[in-house]
Amino acid sequence: ALQVGDVHGAVVELLVVALVVDDRDRVGQVLDAGGIALQRVEDLTDLRLVELGPGRGTLIADGLRAARLVPAFLEAADLHLVETSPMLRARQAETLGPHAEAAQWHEDLGEVPPGPAIVVANEFLDALPVRQFLCGSGGWSERLIGLRADRLCWGLSQPLPGGGSSGDWRERSIAVDRVLNWIAGRLAAAP
């Protein structure tokens, strides 16, 4: 049997898979596989199942349906949904049905209690705002949206320091960095 220390490795693998999977059915399969793997962990009694930006709640509901094949997984997992919209929270509660009673909603991912976690963020990171930088003949500039004749239009900031080849572009998202740092911090704190 796996030991409690091995849970960290299993959760890390599931976390990575859950973050990159872009297909609802496959995420449900990942959660199902995670439940089967974690079922063999005799001492596991405390796990957070976290979804960031759950939308209508269908993904996590599918995952919970798949996970019912492993009752020990469902008993160990506390459901945490990070959602800021009251309207979507109501929709998620409706979709979750009986699981909604035990679910905990959070405005911010920092409110999710510490401890082992499986984090699902299907399309969540893609929806966070980014800043785009383009390299032209004068150097790097940030791509901006402005107004010209009362219409939205693209524009560029004044050139910024730094080298690059004309035509290169980069994206930076402070929001994505924050989420990934939060996940990394949880992993670093895991036993």
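Me: Of the 191 residues of the chain, what percentage count as buried?
Reply: The model is a predicted one. Buried here means under 20% relative accessible area. Of the 191 residues of the chain, the share that meets this cut-off is 37%.

Me: How many helices and strands does the secondary structure of the chain come to?
Reply: Read along the sequence, the pattern is α-α-β-α-α-β-α-β-β-β-β-β-β-α. The secondary structure therefore comes to six helices and eight strands.

Me: What is the order of the strands in the open sheet of four strands?
Reply: The pairing in this sheet is parallel. β3 (104–106) and β4 (117–120) each have a single partner strand, so they stand at the edges, and one side of each is left without a neighbour in the sheet. Neighbouring strands are turned by 20° against each other on average, direction ignored. The order is β3-β2-β1-β4.

Me: Which residue of β3 is the bridge partner of Val 82?
Reply: Strand β2 covers residues 77–82 and runs parallel to β3, with three bridges joining the two. In β3, the bridge partner of Val 82 is His 106.

Me: At about what angle to β1 does helix α3 run?
Reply: Helix α3 (residues 58–67) lies across β1 (47–52), β2 and β4. Its direction relative to β1 is given by an angle of about 150°.

Me: How many of the 10 residues of α3 are buried?
Reply: The buried residues of α3 are Leu 59, Ile 60, Ala 61, Asp 62, Gly 63, Leu 64 and Ala 67. Helix α3 is largely enclosed by the rest of the structure, because the number of its 10 residues that are buried is seven.

Me: Which residue forms a salt bridge with Asp 62?
Reply: Both partners lie in helix α3, three residues apart, about one turn of the helix. Asp 62 counts as buried, because its relative accessibility is 15%, whereas the partner, at 42%, counts as partly exposed. The closest N and O atoms are 2.3 Å apart, and the partner of Asp 62 is Arg 65.

Me: How many residues apart in sequence are the parts that Arg 89 and Glu 107 tie together?
Reply: The side chains of Arg 89 and Glu 107 meet in a salt bridge (3.5 Å, N to O). Arg 89 lies in helix α5 (residues 86–96) and Glu 107 in the loop between β3 and β4, so the pair ties together parts whose separation in sequence is 18 residues.

Me: Is Arg 89 buried or partly exposed?
Reply: The cut-off for buried is under 20% relative accessible area. Arg 89 has a relative accessibility of 21%, so it counts as partly exposed.

Me: Where does Asp 108, the salt-bridge partner of Arg 178, lie?
Reply: The closest N and O atoms of Arg 178 and Asp 108 are 2.7 Å apart. Arg 178 is partly exposed at 42%, and Asp 108 is partly exposed at 26%. The pair links distant parts of the chain, 70 residues apart: Arg 178 is in helix α6 (residues 174–189), and Asp 108 is in the loop between β3 and β4.

Me: How many salt bridges does a search of the whole structure find?
Reply: Among them are Asp 62 with Arg 65, Arg 89 with Glu 107, and Arg 178 with Asp 108. For the whole structure, the number of salt bridges found is five.

Me: What percentage of the contacts with a separation of 6 or more comes from residues 24 or more positions apart?
Reply: The contacts considered are those in the chain with a separation of 6 or more. Residues 24 or more positions apart account for 69%.

Methods. Residues numbered from 1 in each chain as written. Predicted model: local features only at pLDDT ≥ 70, side-chain atom pairs only at ≥ 80, totals over all residues. Heavy atoms only, no water. Pairing = 2+ DSSP bridges. Axes fitted to C-alpha atoms, helices over the stretch in contact; angles between N-to-C directions. Contact = heavy atoms within 4.5 Å. Salt bridge = Lys/Arg side-chain N within 4 Å of Asp/Glu carboxyl O. Buried < 20%, exposed > 50% of the residue type's maximum accessible area, 1.4 Å probe, protein only.
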